[in-house]
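Please walk me through this structure in the viewer. I would like to know what to select at each step and what is there.

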Amino acid sequence: MATFKKFEEIDAWQRSRKLTNQIYKTTAEGAFAKDYGLKDQIRRASVSIMSNIAEGFERSGSGEFTQFLATAKGSAGEVRSQLYVALDQRYISPTVFDAVSIDATQISRMISGLMSYLRKSGLKGTKFKKV
């Protein structure tokens, strides 16, 4: 696995950014746009994925990064759960549900892989480098 110099290089962050854009587009249409509670919650959960990846990376310690990645992974699960609500309320079609849910699942797997790598690597992060 490559060393990242900035969080924008992380594939899971890039994919979560695309997911967030899709969530915003999907929740701006039809009856979904009028369900302010669900719309706000799923948007916040999708933003949380990319935000926690970025924040964890910027902490410069792999232990903290792993904790933030766990939160991001949890938010990916939250998005998937809320997609079921949207599907059940007929705010989204089964086709949209499948596409967005698959994206969230793939992001979750990418995050899991990164967490596993960090745990096994023995890397501590840049804040632990001796000057």
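The tour goes from the whole chain to one pair of helices.

**Whole chain.** Keep in mind throughout that this is a predicted model. Start with the protein chain in cartoon view, where there are 4 helices and 0 strands. Followed along the sequence, the elements come in the pattern α-α-α-α. Turn the chain along its principal axes: the C-alpha trace spans about 55 × 20 × 20 Å.

**Surface and interior.** Switch to a surface display of the protein chain. The exposed area is about 7,700 Å², and carbon and sulfur atoms supply 52% of that area. Colouring by accessibility brings up the buried part, which is 38% of the 131 residues.

**Contacts along the chain.** Next, show contacts between residues with a separation of 6 or more. In the protein chain, 71% of these contacts join residues 24 or more positions apart.

**Helices α3 and α4.** Now select residues 62-88, which form helix α3, and add residues 94-121, which form helix α4. How do these two helices pack? The axes of α3 and α4 lie 9 Å apart, at an angle of about 165°. Angles over 145 degrees count as roughly antiparallel, so α3 and α4 are roughly antiparallel to each other. The crossing of α3 and α4 is left-handed.

Stay on this pair and colour the contact of α3 with α4 by residue class. The contact holds 17 nonpolar residues, along with 6 polar and 3 charged ones.

Technical notes:
Residues numbered from 1 in each chain as written. Predicted model: local features only at pLDDT ≥ 70, side-chain atom pairs only at ≥ 80, totals over all residues. Heavy atoms only, no water. Axes fitted to C-alpha atoms, helices over the stretch in contact; angles between N-to-C directions. Parallel < 35°, antiparallel > 145°, perpendicular 65-115°, else oblique. Left-handed = near helix turned anticlockwise from the far one by under 90°. Nonpolar A, V, L, I, M, F, W, Y, C, P; charged D, E, K, R; others polar. Buried < 20%, exposed > 50% of the residue type's maximum accessible area, 1.4 Å probe, protein only. Contact = heavy atoms within 4.5 Å. Areas by Shrake-Rupley, 256 points an atom, 1.4 Å probe, with all protein chains shown as cover.
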